[in-house]
Amino acid sequence: MTRLLSASRLNAFQACRHQTALWLQGVKPPERADDAITLIRAKGFEHEARVVEQLRAKYGAVVEIPGEGSLEHRVQLTVQAMNDGAPVIYQAALTDGRWVGYPDFLVRSDTQEDGTWRYAPEDAKLAKKAKAEHLLQLGVYAALLEHVSGHRPPQGAIHGSGGPPERFRLEDTRHITRRMMGQFEAFIDAPVETQAVKNGACGQCDFLDRCTSEWRTADSPVFVAGMRGDQIIKLAKAGVRTLTDVAALPTGSKVPGIGEDTLAKLANQARLQMRGAAGGQHLAETLPSEPLRGFAILPPPQPGDLFYDIEGDPLYPEGLEYLHGLWGPLGDDGTDRFVALWAHDHVAEKASFERLMDLFKKHLERFPRARIYHYAPYERTALKRLSAKYATREAELDQLQRDHRFVDLYAVVRQGIRASTESYSLKDLEKIYWGKRVGEVTNAGDSIVEYERWRELSDPAILEAIERYNEDDCVSTAKLRDWLEALRPADAPFGLAVPEPDELKPEPSAKAEARAEFERDRIAVAEALRGQEGLEPELRELLAELLWFHQRSQKPQWWALFDRQTWTDEELIEDAESLGGLQLINQEPEAKSLVATYRFPEQDTKVKEGDRPRIALTLDPAGSIVKLDMERQIVVLRRQAKSGDFPERASLSPGQLIDQSVLEAGLLEVARRVSKGDFESDRALLDMLRRLSPRLAGRAQGKAVVAAGEDLVEGAIRAARDLDESSLIIQGPPGTGKTYTTARAITALLQDGKRVAVSSNSHKAINNLLKGVSKRCEDVGFELDGVKKASPGDPETVFEGYGIISVGASKDVELSHQLVGATAFEFAKHDVNSFDYLFVDEAGQVSLGNIMAMAGCARNLVLVGDQMQLPQPVQGVHPGETGLSSMDYAMQEHPTVPPERGILLNVSWRMHPDVCSFISDAVYEGRLQAEASTAVQRLVLGDGLHPALQPTGISTVDVDHQGCTQSSGEEATVIGHLIEQLLGQSWVNTAGVAAPITLSDIIVVSPFNMQVTLLKKRLPQGARIGTVDKFQGQEAPVVLVSMATSFGGDAPRGTEFLFNRNRLNVAISRAKCLAVMIKGQRLLELSSPGLADLPRLDLLARAEAAACR
């Protein structure tokens, strides 16, 4: 008998295939007697009934499909109701013979097309907000609707209990939904043997006890504290399959993909756990002392010390910190007591955070040397996020950070002791120093589930149980601190500064006073902006909060600088911002400098040649990186000899941050003008911030910027000339001639006698556009007087070309220069409206804060770029829309610029139509077209090649590998074979000319530096290999993309990096003829996807679907 599949079964399959295998075998989980399930069901019916009435009030008649009768009969009634055009169909039934779905509602569209009514699926959910499983369910319903009606609904909706319905574009998740359905079908048709594999969904699985028993029986290494899933796979490949095997590893053992220090740490951990188990009691031992590690970051107890714990709900949209708990002398008489601060929505979240910060301030005034202890980084991370998100109590939190008030006991534990527990969670460790706690809520996973249950049931007993759990956590943290203090070795004194009472602190310096005066001025201007009634309320708030954009952007970097002081080499190796685990090979004198050569272990890093990092432990300058060889794992540093010898061992962390004061001052001056009611000087900027259509002289505002059929280049020139103190968007998708078009527009303006500024985030982008302008001016015989403001001592920032010189000082940029190229740091200093035009290239990577800082220099603003390519590299949490790039803000989630807002360069001169149509449909709303001549280009291939090698289009290659996160040897091998076969073939260009394929005709791209390094070792010398960022603006007949990660759930830096649609767009669109995606078979699988994950995964799923056509 064919099993009918459902969305709920699909969600279970995505979480764990082993769970599905047990279902197929007829294994049932233990029954749970839970009155809450009955109550939740009743509450769900009540909510559903309310939604029915809401839909009846909005649309009219509601046709209900009876719940009795056969599936076939219910489907017939549903189809009949659809054919009759019922406004709303309640309790519909849909099937295609394989899948079955029961959408709560099918809601009719307003229009009837081709004689058939269109319907969209909508579901009522008791949850406050939609979840990934709900979106997947809508996708299944959409597929069934398409089968039944022949039309796929473009959107669906979830009616949660927390507010208005949430609507979703189902096209954004169609391909990943179809892929997941297909995988599930294949597994059902041909079940394979599965094993219990620990993942993020285990905590909510009814089979957890069964799987844990299996792991116990197998002596699985899953129980080794600190062991990751990818490490278990790598150990198994090396024949190390049990906890006992791990414990038996001799000193100096090596396992590919696991560092020696890490492997030794895991082996020592396993040995201690076995000793503890054999003795029938838990053990703990202290580790060798190191500066600013372990016990050296544990301060001695002080009067007033507090112990702090947060409960958060990641399932709530944008997350919710719903409970702050504190234990300590918080009573009026100084007695220990517990304080709970609750919040059940974002408004209350802000208020509870402010109450907490005010409580900290008052308490520390009473106890000036007290600390705030917590366990793991979550608490500090959450406080930073909340302060920036709500733009409140930021200075107070900064002061707590500077005073080292927060103490993470997890860092002390991780670096200072080894325990025989199976994890280093607070709950496991307290078995040693406190004993087993009791209560209905016993871990963080339970608290999230219980809180979500409360949101559905509103039962106060649930909140009481969570509060007792949180109190236990706070008390346990206090007991842990005392236990650790008793274990402190004699050679591990506290090594950080002790906070001083205000009366003992030195007088502030003149620099600090100046900064304080600037801050007072900034606050006053922000208050004036918020009171400026000539601006829309949302614009007032945006401008006011942008005044702190640069400070907020740098704040995480400052915080991380000091955090990294206490990180282990292992943690620094894992941190992409650092270069960890350096071992000195030699150092030699060179003039007045010392040059040191270090070896480092394999790792992914953003550190590059020319950087000036710090020694992570001491924060001393490490000098400059003169050579970084990722293949040989060698780094060479140079610094002045007077700084002393280089350390034998070190890790490098990011160096000095760039001074942002010029940008902050530029922002302040714009805000000051606007706050005083001067809306004319910055009219172009205000137009952009209001997202207005450009004002064009002689034209009606709101009409298409480029007339139908008008040449895009001529249209862009005409629009730029007609711009009337306003802003214009020129969007240039891949290969559409953005630089070509912009250079001609700028040249035309220069010929008209206009003064033009050219800016971007990078000197490289500025120089590229200046090159185009210089060449165009030379070609038309225009006498150009231009200057490029370069960075002194940095030859890569210099541009020399026809009519343009480079200078290193701002004073050498003169009013007589008609064309000026510079970054925002230069233009923020220029007088208001000293240019006629400001062109900002790669505006999708330029922050709104930088635009505001420099836009005052010009009467007209032109944003050039494509927000669908590489995203802006912004850090920090920013309130509202202040953290967006200028292009993202201006486009307001439109993938392509609306015709009345700007110009879309919609013809790609690079990509074959088979590649272009994929990119166009997936990224650009179907508006991007391939220029006719690109259809001629193709690969000319012989017989017997890998099936992924096609003349044109998109191909995918699934590679069987496990345990890979940032590099995959298996993918490197496949790519090597593909290149070997390609080098024997030829390709035809747009002119119809054939040529042999060489290494220069193939680009190999990966998201990770570690994979790039591996590929450089494996592939032929001269191969073009790099990360996506390296190849933006470049092209080749063939692009090979190596994703490197085995399982999507293990994606380093999260799905938002690995599956970033912008980066994938850039990677694929480098291809003239063929793009091949090489990826792990299970890359598109996540055990516990979030709501945002499904759209992220869809582009790769779409690529698979395109390859199959």
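Author: A salt bridge is a side-chain nitrogen of Lys or Arg within 4 Å of a carboxyl oxygen of Asp or Glu. The model discussed here is predicted: local features need pLDDT of at least 70, side-chain atom pairs count only at pLDDT 80 or more, and totals for chains, interfaces and linings use all residues. Residues are numbered from 1 along each chain as its sequence is written, and side-chain values use heavy atoms, with hydrogens and water left out.

Reader: How many salt bridges does a search of the whole structure find?

Author: Side chains of opposite charge can pair when their charged atoms come close. Here the search of the whole structure yields 78 salt bridges. One of them joins E285 to R275, with an N to O distance of 3.8 Å. E285 belongs to strand β9 (residues 284–286) and R275 to helix α10 (residues 260–279), so this pair ties together parts that are 10 residues apart in sequence. Helices (H or I, at least four residues) and strands (E, at least two) are DSSP runs, numbered from the N terminus.

Reader: Which parts does the salt bridge between R216 and E422 tie together?

Author: The closest N and O atoms of R216 and E422 are 2.6 Å apart. R216 lies in helix α7 (residues 208–217), and E422 in the loop between β15 (417–419) and α15 (426–433), so the bridge ties together parts that are 206 residues apart in sequence.

Reader: Are R216 and E422 buried or exposed?

Author: The terms rest on relative accessible area: buried means under 20%, exposed over 50%, and partly exposed in between (1.4 Å probe, protein chains only). R216 is partly exposed at 46%, and E422 is partly exposed at 34%. E285, from the earlier pair, is also partly exposed, at 26%.

Reader: Where do R683 and D724 lie?

Author: The side chains of R683 and D724 meet in a salt bridge of 3.9 Å, N to O. R683 is in helix α23 (residues 683–690) and D724 in the loop between α24 (712–722) and β22 (727–731), so the pair ties together parts that are 41 residues apart in sequence. R683 is partly exposed, at 22%, as is D724, at 34%.

Reader: Which residues are linked in a network of salt bridges?

Author: Such a network links E394, D398, R530, E541, E545, R552 and K555.

Reader: How should one read the strands, and which strands are joined to β38 by bridges?

Author: Two strands pair if DSSP finds at least two bridges between them. Strand β36 (residues 1002–1006) runs parallel to β38 and is joined to it by four bridges, with I1003 opposite V1039. Six bridges join β38 to strand β39 (residues 1071–1080), also in parallel; there, V1038 has L1074 as its bridge partner.

Reader: Why is β38 described as largely enclosed?

Author: Seven of the seven residues of β38 (residues 1036–1042) are buried, so the strand is largely enclosed by the rest of the structure.

Reader: What does S1069 touch?

Author: Contact means heavy atoms within 4.5 Å. S1069 lies in the loop between α35 (1061–1068) and β39, and is buried at 0% relative accessibility. Leaving aside residues up to four places away in sequence, S1069 touches P734, R910, M911 and I919. A polar contact is a pair of N or O atoms within 3.5 Å; within protein, one must be able to donate a hydrogen and the other to accept it, and residues adjacent in sequence count only if both atoms are side-chain atoms. The side chains of S1069 and R1070 form such a contact, at 2.9 Å.

Reader: Which residues of α15 are buried, and what covers them?

Author: An α-helix has 3.6 residues a turn, so residues three or four places apart point the same way. In α15, the buried residues are L426, D428, L429, E430 and Y433. Their cover includes α14 (409–416), β15 and α17 (460–487). After α15 comes G435, with a positive phi near 110°.

Reader: How many residues of α14 are buried?

Author: Six of the eight residues of α14 are buried, and the helix is mostly covered. The buried residues are L409, A411, V412, V413, Q415 and G416. At the start of α14, a side-chain oxygen of D408 comes to within 2.9 Å of the backbone nitrogen of Y410.

Reader: What share of the protein chain is buried?

Author: Of the 1109 residues in the protein chain, 54% are buried.
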